[in-house]
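Reader: I'd like to learn how to read a model like this one, feature by feature. Could you take me through it?

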Amino acid sequence: MKRLLPSPVLSCALFGLWLLLSQSVSVGTVLLGVAQALAWPVLTAELRPAPVRMRRPVAIARLVLNVAVDVVLSNFAVARAILTKRVKDIPSGFVHVPLEVRDPNALAVLAMIVAATPGTVWAELSLDRSVLLLHVLEVPDKAVVIETIKRRYERHLREIFE
């Protein structure tokens with residue numbers, strides 16, 4: 001059973017996403033969704049860095065809420081900066097964020113979060129996975145950026161994955 005369905009949560013998510021994107025529950029759409037939900041996790045199993053063991057659903061909900069709020073607020077902040085400031089007046093720069101989280105899945109989620117948040121232009125993880133290097137559009141204080149990432153994202157990721 002584990003060989004046919006290596007990641008049941010991923011399969012369910014893929015099936016649900018397929019139905020949402022297709023906007024149909026016809027027999028063909030459902031069958032194609034089931035086929036993809038079964039096939040993709042099997043085909044991509046070797047690409048996943050480690051088995052995913054997510055814990056603490058409350059921490060997951062908090063993280064999702066933090067990310068959603070931050071994406072909306074960042075959109076407004078980026079729009080404000082672009083519309084009201086000259087390019088030379090926007091203090092962009094690189095920020096080195098020391099990391100405590102070591103789980104490869106948590107690091108992947110963190111990379112997706114910072115990449116999806118407007119205002120964070122670029123991200124790179126050090127080879128030893130101890131530092132996240134970010135290029136941020138507006139950095140008045142690097143310590144605030146570091147503290148925000150550690151408090152709003154990394155802390156929850158450690159609860160969920162470690």
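Reader: Let's start with a single residue: is E100 buried, partly exposed or exposed?

Author: Before anything else, keep in mind that this is a predicted model. As for E100, its relative accessibility is 45%. Buried means under 20% and exposed means over 50%, so E100 counts as partly exposed.

Reader: And which residue does E100 form a salt bridge with?

Author: For a salt bridge, look at the side-chain nitrogen of a Lys or Arg and a carboxyl oxygen of an Asp or Glu, and ask whether they lie within 4 Å. E100 pairs with R158, and their closest N and O atoms are 2.6 Å apart. Then check where the partners sit: E100 is in the loop between strand 1 and helix 4, while R158 belongs to helix 5, so the bridge ties together parts that are 58 residues apart in sequence. R158 is partly exposed too, at 33% relative accessibility.

Reader: How many salt bridges are there in the whole count?

Author: The count comes to 10. Helix 5 gives you some short-range cases to set beside the E100 pair. E147 and R151 meet with an N to O distance of 2.7 Å, and both lie in helix 5, four residues apart, about one turn of the helix. E147 is partly exposed at 39%, and R151 is partly exposed at 36%.

Reader: What about K150, which residue does it bridge to?

Author: K150 goes to E154, with the closest N and O atoms 2.5 Å apart. These two are also four residues apart in helix 5, so about one helical turn separates them. Now look at accessibility: E154 has 2%, so it counts as buried. Shared partners then join E100, K150, E154, R158 and E162 into one salt-bridge network.

Reader: Let's zoom out. How many helices and strands does the protein have?

Author: Five helices and three strands. Read along the sequence, the pattern is α-α-α-β-α-β-β-α. For overall dimensions, the C-alpha atoms fill a box of roughly 55 × 35 × 30 Å along the principal axes. The protein has 162 residues, and 29% of them count as buried. For contacts, take the ones between residues at least 6 apart in sequence: 74% of those join residues at least 24 apart.

Reader: Which residues have the most contacts inside the largest nonpolar core?

Author: To read a core, look for buried nonpolar residues linked through their side chains. The largest one here has 22 residues, and those with the most contacts inside it are L63, V97, L110, L132, L134, I149 and Y153. Helix 3, strand 1, helix 4, strand 3 and helix 5 each supply at least two residues. Helix 5 gives the largest share, with six.

Reader: Take L134 from that list. What does it touch?

Author: Leaving out residues up to four places away in sequence, L134 touches G93, F94, V95, V97, V114, T120, W122, A123 and I149.

Reader: F94 and W122 are both aromatic. How do I read a ring pair?

Author: A pair of aromatic rings is described by the distance of the centres and the angle of the planes. A search of the whole structure finds one such pair. The rings of F94 and W122 have centres 5.7 Å apart and planes at 85 degrees, so the pair is edge-to-face. F94 sits in strand 1 and W122 in strand 2, so the pair ties together parts that are 28 residues apart in sequence. F94 is partly exposed at 43%, and W122 is partly exposed at 37%.

Reader: Now the outside: which residues make the nonpolar surface patch of about 230 Å²?

Author: That patch is made by L4, V34 and L38. V34 is found in helix 2 and, at 36% relative accessibility, counts as partly exposed. Across the protein, about 10400 Å² is exposed, with carbon and sulfur atoms supplying 69% of it.

Reader: One last residue: is V9 buried or exposed?

Author: V9 has 59% relative accessibility, so it counts as exposed. Its place is in helix 1. You can also read a C-alpha separation here: V9 and A37 are 28 residues apart along the chain, and their C-alpha atoms are separated by 9.9 Å.

Notes: Residues are numbered from 1 along each chain as its sequence is written. This is a predicted model: local features need pLDDT of at least 70, side-chain atom pairs count only at pLDDT 80 or more; totals for chains, interfaces and linings use all residues. Side-chain values use heavy atoms; hydrogens and water are left out. Patches are made of residues with over 30% relative accessible area and no salt bridge: like charges are joined within 9 Å, nonpolar side chains (Val, Leu, Ile, Met, Phe, Trp, Tyr) within 5 Å. Accessible areas come from the Shrake-Rupley method with a 1.4 Å probe; for residues, only the protein chains shown count as cover. Buried means under 20% relative accessible area, exposed over 50%, partly exposed in between (1.4 Å probe, protein chains only). A nonpolar core is a set of buried Ala, Val, Leu, Ile, Met, Phe, Trp, Tyr and Cys residues joined through side-chain atoms within 4.5 Å. Contact means heavy atoms within 4.5 Å. Rings of Phe, Tyr and Trp (its six-membered ring) pair if their centres lie within 6.5 Å; planes under 30 degrees apart count as stacked, over 60 as edge-to-face and the rest as tilted.
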